[in-house]
There are 2 protein chains.
Amino acid sequence: MKITHIILALVSFATFDCTANNLLETEQQVDAMQAAANSSGSFAREFQRRKAQVDLAMAEKINVPLPADAGGGYTHEVHKRNYAMMRDAGRLYMITQDKKYANLVRDILFEYADMYPTLPLHPKQKEQSPGKLFWQSLNEAMWLVYSIQGYDSVKSALTQKERERIENGVFIPMATYLSDESPETFDKIHNHGTWAVAAVGMTGYVIDKPEWVEKSLYGLDKSGKGGFMRQLDELFSPEGYYNEGPYYQRFALLPFALFAKAIDVNDPDRNIFEYRDGILLKAITTTIELSYDGLFFGINDAIKDKGIDTMELVHGVTIAYNKTGEKGLLTIAKEQNQILLTGDGLEVANALDEGLAKPYPFVSKVYGDGIKGDEGALVVMRQNQAADHQTLVFKATSQGLGHGHFDKLNWLFFNDGEEVVYDYGAARFLNIEAKYGGHYLFENDAYAKQTIAHNTLIVDETTHFKGNTKVGNQRHPEVLFSEFDEQMQISSAIMKDAYDDVVFSRTQALVNSDEGHVFIIDILDVETEGKHQLDLPVHFNGQFIESSVAFTGKNKSQSALGEKNGYQYLWLQAQGKVTDNLAKVTWLNKNTFYTHSTVINSSNKQLDQELLMVRIGANDPNFNLIAKQALINRVNTAGNVQFLNMLEVHGEYNGSREYTIDSGSQLSSLENVSSQSNDDAITLIKATFETGVTYLLAIAKDATDKNAKTAFMYSDKEYVIQGNAQLFRL
Amino acid sequence: MKITHIILALVSFATFDCTANNLLETEQQVDAMQAAANSSGSFAREFQRRKAQVDLAMAEKINVPLPADAGGGYTHEVHKRNYAMMRDAGRLYMITQDKKYANLVRDILFEYADMYPTLPLHPKQKEQSPGKLFWQSLNEAMWLVYSIQGYDSVKSALTQKERERIENGVFIPMATYLSDESPETFDKIHNHGTWAVAAVGMTGYVIDKPEWVEKSLYGLDKSGKGGFMRQLDELFSPEGYYNEGPYYQRFALLPFALFAKAIDVNDPDRNIFEYRDGILLKAITTTIELSYDGLFFGINDAIKDKGIDTMELVHGVTIAYNKTGEKGLLTIAKEQNQILLTGDGLEVANALDEGLAKPYPFVSKVYGDGIKGDEGALVVMRQNQAADHQTLVFKATSQGLGHGHFDKLNWLFFNDGEEVVYDYGAARFLNIEAKYGGHYLFENDAYAKQTIAHNTLIVDETTHFKGNTKVGNQRHPEVLFSEFDEQMQISSAIMKDAYDDVVFSRTQALVNSDEGHVFIIDILDVETEGKHQLDLPVHFNGQFIESSVAFTGKNKSQSALGEKNGYQYLWLQAQGKVTDNLAKVTWLNKNTFYTHSTVINSSNKQLDQELLMVRIGANDPNFNLIAKQALINRVNTAGNVQFLNMLEVHGEYNGSREYTIDSGSQLSSLENVSSQSNDDAITLIKATFETGVTYLLAIAKDATDKNAKTAFMYSDKEYVIQGNAQLFRL
């Protein structure tokens, strides 16, 4: 009975303050874990599973080889396995108090302690920030983050002499190497720096070096120019967005979360989780929120099978639940299907066992980019919060450093569990030796980062910022407005300096109308004085069904679309002059039809407008790229041009029950009727469907806030826009 | 309490015999349905759901339009909806005894009775076997099969006069039209004949015309030359395989199952389910068994999203469970997730509610083709019966009539829920108007049926039987042997007359070795005297990883592979001379790597051997085909050639946990070492893996049965083959 009470108490008072003898949990949490391991429930099951694994591994001889191999090689993998094993064995000792686990950690650490002082720099050292155990100091910091946890758990079982042997042999020299001897990494405001300060800071707590904690928090000179606090200030936007995007945000999360947890447990007065308006928790929840159906949005350099079940986010969610008690986090934990053997992990396990999980509150949100959140933003518009919900991602972020792509005002669209309008992500097969050793492929720079690999404007077959990352990092779009309501979610942004003489702005609205129509209106305005070729691709997943454009197919042979900037990787499969007003393409993805329609508006009547169908695969003799497809609307003209687009979500294909509904586009006309209003500052888009329903999207560019009211006349009738935009049914 | 007892009794004595007043169930079953509808459980839930649907539809006016449209058109769909509604309303009346449902069926039938006698042939009549209500008599028979069920359920509520009006107005003239007036369809041994005899026979039971039942069973002249019994004799092989393959087997199943059920209920002494050694039940279970992960094998003209949850198989499984009580069928029923409101449906619902389902016993099996089962076979080899189990389908069947493909000795392979080596299936987008009205596309004949669209031998770019179905129907492969055990499943067949001067035979073995290696050995022997170009494609799903062959990629342009027989639809993406002994291609599908390796053995040392990579899409300006890929091993030579192939299943890619195991092929050599044995009739294949493990596959072609023992010497050691084949570890 008493045990149950303790557990319940812990769940209820999750933020209970108590300076600890342990790195990551209070004494009460340790007591609860010991009790829980012997009961039933998911914590006990995970404990048994992990115990069986470690017991099995213990049968093998301890193996601490001299460092020899680079990332992925033998010694690299062995040292990684060792640190995970020490962490796990430490956990088992903490829970069972069975000395054999403490001895295992001790004996492994003895080997490292005997070896480490003699190690030169790693034979395969990376040029920048080499390690000793590993080829790069990043891995060395990871080793320390894990191993110090194992040591922390067992140190009470060791003699003074044993402790000295270990601390003097490996922890002190390694922490010194990572801090004082590697100032350029340790003081760097970058995720590699976070790993270093977390490793050194956590070690400081465990072996009682408060000085190291101070350096980790405020930099080697303790001025605050470097260190964890400044990283918290600068690596995330106020909304918790990490500049490189969710794939790298996830990667960076682990040292942030673990070190913060250690600070919280050992220095509760620092109120680390409240710092900068709760930036750490925001970083965790934002990582969760930059996903669809469990997978991260594949923007920038992202490998697209990564999602919310990654180990980094398991730690993040577990720690965040302890701090907030937010029951939506439990749904994420459930999908992660991985319980941690920590005090916080027990709280998550108990809450899951009690069925406390509630749906995670995914909402539409503007994730500002940059330190102040004013260097563009990732705008996420979500509708229909069921399993098949729609998500429109409008990427108006800044460049995102070295892992950023040249894709200003790009977009992605998800529906019914599918990425319908896709981002290629990174060209990389992680850990697959045959594909350039699992590193980023040559085609990552040459294709995947180029603008043509995205769903945004390319002028004269030239990549944004001419493909120069340094230039890209200095410039960013400006978000003009974002408004979300039940029927329509809309956002608008402008990019002024991706090209020398072209400014473009884009407004995207996701509509779930009261009449049951689901569509996106996408207005891309190109301002220029010169004559240009303008390409606007839509990369879609699904089977082509039909087009309103008569194609000339490439029947007997086909050629690459271009020669550079990514165009050389695309086969031109078919092309057609656009003579009709609407250039439509319909495709089928799973059980839903999608039609993309484009109207090009220009004062120039001599438009040379074409629709192209392309597939990835030219100039790719080793099949390094995935043979996906896109449509491209192309126009050659001078002066301003508006691409007015709609993506309709329509119909149903049911192969099992043998029926098909509304396989054809319902859009009968799409027009810019702004000139028919009495107000030059108002944009009016009229869309008519075959059902007879007509919508008028009215945008007041100059409205100042959500309560501003702008009246205008159209067809002899007065309309009032509240805020920046409003959808009317005519 | 009494009600519960009745239900339990019905479950226990599912084959209880009782001549009925109802078409499809005994009085006891009706009583049980009435009781169950008011209780809880899945039958009651389905009853409520269906009742709500019909109640909603009843609010609308009855609509029986004059026939005007062809398949898919308005009047076609309305008449289809009407018959489904009558069947459902009849079921609701049977269960609730609420007169409003009987009245609904009556009133709809009145409209048909008033209209039908005046109808000429349908204005959009199909040339062969036109209907009156529908463009083809097939749909007319379907109308009758459903409507007569509705009428049967409600006729007890109608007056004599009402019955006469309906029977004289529509049932008698329609049944007469479908039988006496359409002898060519009614007496045809074909699934269209089955629909006709089922419709007329079921009507005979309901309106008491024993003569019609006799004609339905034995043909219009009652000689047995036509009719249901002869269809049972000839449309299925002894193993219950339907000549056109599972996609059409599923379609044909419904009239077979329903009519048989009606016979069983009304004429139990005919023992229809015991007929021909239980052929009806075999037809049902075989349909189930010709599937992987819920979807039918996509051989011949198959639309690949069809699977075991189709309505036809819901009826089949429900009826089969009533007859057999086989609890494996309940697992299929559970996956179908659809309860029928019939007596048999209630039994399935109760059994599911009681948790009686057991795994369906999928096993390796030879499904003989042809009336006697000796015109080739579909050989299904299954291993590891978990969710991720492997299935090798060796298609040594005969042609399969008009829906058959020219793919003698083709194969497919499934693993871990994926179709790894695929069959394209049919080129058709069912019910999608934009794709040739949802009919078979031109490309179905021009590409999908051609040999090059399959994984088997093509000689001189010419399709088997020169693409002549009539010739194909007269010739078939011969299965030489099949043996299944824990470690190896193997089958062998020969095709003598697909080409004028080429005979080819193929042996395929699926191995799950005791040492943990999983692979297929595939030996294709080509016997010819002439000089030929021989192509052996492997159509694979997944991302290309690497090849042992140095390709010349098609960098700036690529061309169609050929000009006819399906070759014109393939882009030649890359090609390379095979200089090394083993031509390997590795790809990744989901989380597993696959490597296909080929060695070409020939007495001719001047082999001109190439590996080609192709992708579907040339000459396809409307994107009617799906842009999938294949590798092709090609050799130009004279005389006999052996393609000795291996497909390895290896390694694991884990993107979430960021590890990759064994991404490379482990096969280091693959040799035909038959000449090193002392017995010319023995084939010896030696495969050596990099782990050091070497296997010797020994095949005794002339062994007579599974107990035959054949001894041979190899490397100075004696080995004994039991049966036709044996795998040794050297």
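In the predicted model, helix α9(B) is largely enclosed by the rest of the structure, because 15 of its 16 residues are buried. The helix covers residues 191-206 of chain B, and its end C-alpha atoms are 22 Å apart, which agrees with the 22 Å that 16 residues should span at 1.5 Å a residue. After α9(B) comes Asp208(B), with a positive phi near 60°.

Helix α15(B), residues 328-336, is likewise described as largely enclosed by the rest of the structure, since 7 of its 9 residues are buried. The buried positions are Gly328(B), Leu329(B), Leu330(B), Thr331(B), Ile332(B), Ala333(B) and Gln336(B). An α-helix has 3.6 residues a turn, so residues three or four places apart point the same way. The packing partners of the buried residues of α15(B) are α13 (275-289), α14 and α16 (343-353) of chain B. Asn337(B) follows α15(B) and has a positive phi, near 55°.

Helix α14 (311-324) also bounds the loop that holds Lys306(B); on the other side of this loop is β2 (295-296) of chain B. Lys306(B) counts as buried because its relative accessibility is 2%, the cut-off for a buried residue being under 20%. Contacts of Lys306(B) beyond its sequence neighbours up to four places away involve both chains: Gly655(A), Ser656(A) and Glu658(A) on one side, and Tyr247(B), Arg250(B), Leu295(B) and Phe296(B) on the other. With Glu658(A), Lys306(B) forms a side-chain polar contact of 2.9 Å. Within chain B, the C-alpha atom of Lys306(B) is 47 Å from that of Gln606(B), a residue 300 places away along the chain.

The relation between the two chains was examined by superposition. A turn of 180° with a shift of 0.0 Å along the axis lays chain A on chain B with an RMSD of 0.1 Å. The two copies are thus related as by a two-fold rotation axis. Gln558(A) is the residue of chain A that comes closest to this axis, its C-alpha atom lying at 2.7 Å. The copies meet through the same surface, because 100% of the interface residues of chain A are also interface residues in chain B.

Chain A is divided into four segments: domain 1 (61-230), domain 2 (235-360), domain 3 (365-655) and domain 4 (673-730). The centres of domain 1 and domain 4 of chain A, taken over C-alpha atoms, are separated by 61 Å. An open sheet of 6 strands in chain A has the order β8-β13-β21-β20-β17-β15, with antiparallel pairing. Its edges are formed by β8 (458-459) and β15 (552-553) of chain A, each of which pairs on one side only. At one of these edges, β15(A) pairs with β17(A), residues 570-577, in the antiparallel sense over 2 bridges. Gly553(A) has Ala574(A) of β17(A) as its bridge partner.

In chain B, strand β26 (residues 682-689) is largely enclosed by the rest of the structure, because 7 of its 8 residues are buried. Strand β25 of chain B, residues 667-672, pairs with β26(B) in the antiparallel sense over 5 bridges, and Ser669(B) has Thr688(B) of β26(B) as its bridge partner. Strand β27 of chain B, residues 694-700, runs antiparallel to β26(B) and is joined to it by 7 bridges. Here Ile682(B) is the bridge partner of Ala700(B) in β27(B). The hairpin of β26(B) and β27(B) has 4 residues between the strands, and Gly692(B) in this hairpin takes a positive phi near 95°.

Backbone geometry was also considered in loops of chain B. Most residues other than glycine have a negative phi. Leu401(B), a residue other than glycine, has a positive phi near 55°. Leu401(B) lies in the loop between β5 (390-396) and β6 (410-415) of chain B and is partly exposed, its relative accessible area being 37%. Phe623(B), which is not a glycine either, has a positive phi of about 50°. The loop that contains Phe623(B) runs between β20 (608-616) and β21 (629-638) of chain B. At a relative accessibility of 9%, Phe623(B) counts as buried.

Notes:
Residues numbered from 1 in each chain as written. Chains lettered and ligands numbered in written order. Predicted model: local features only at pLDDT ≥ 70, side-chain atom pairs only at ≥ 80, totals over all residues. Heavy atoms only, no water. Buried < 20%, exposed > 50% of the residue type's maximum accessible area, 1.4 Å probe, protein only. Contact = heavy atoms within 4.5 Å. Polar contact = N/O pair within 3.5 Å; in protein donor to acceptor, adjacent residues only side chain to side chain. Domains from an automatic or database assignment. Pairing = 2+ DSSP bridges. Expected span 1.5 Å × (residues − 1). Least-squares fit on C-alpha atoms with pLDDT ≥ 70 in both.
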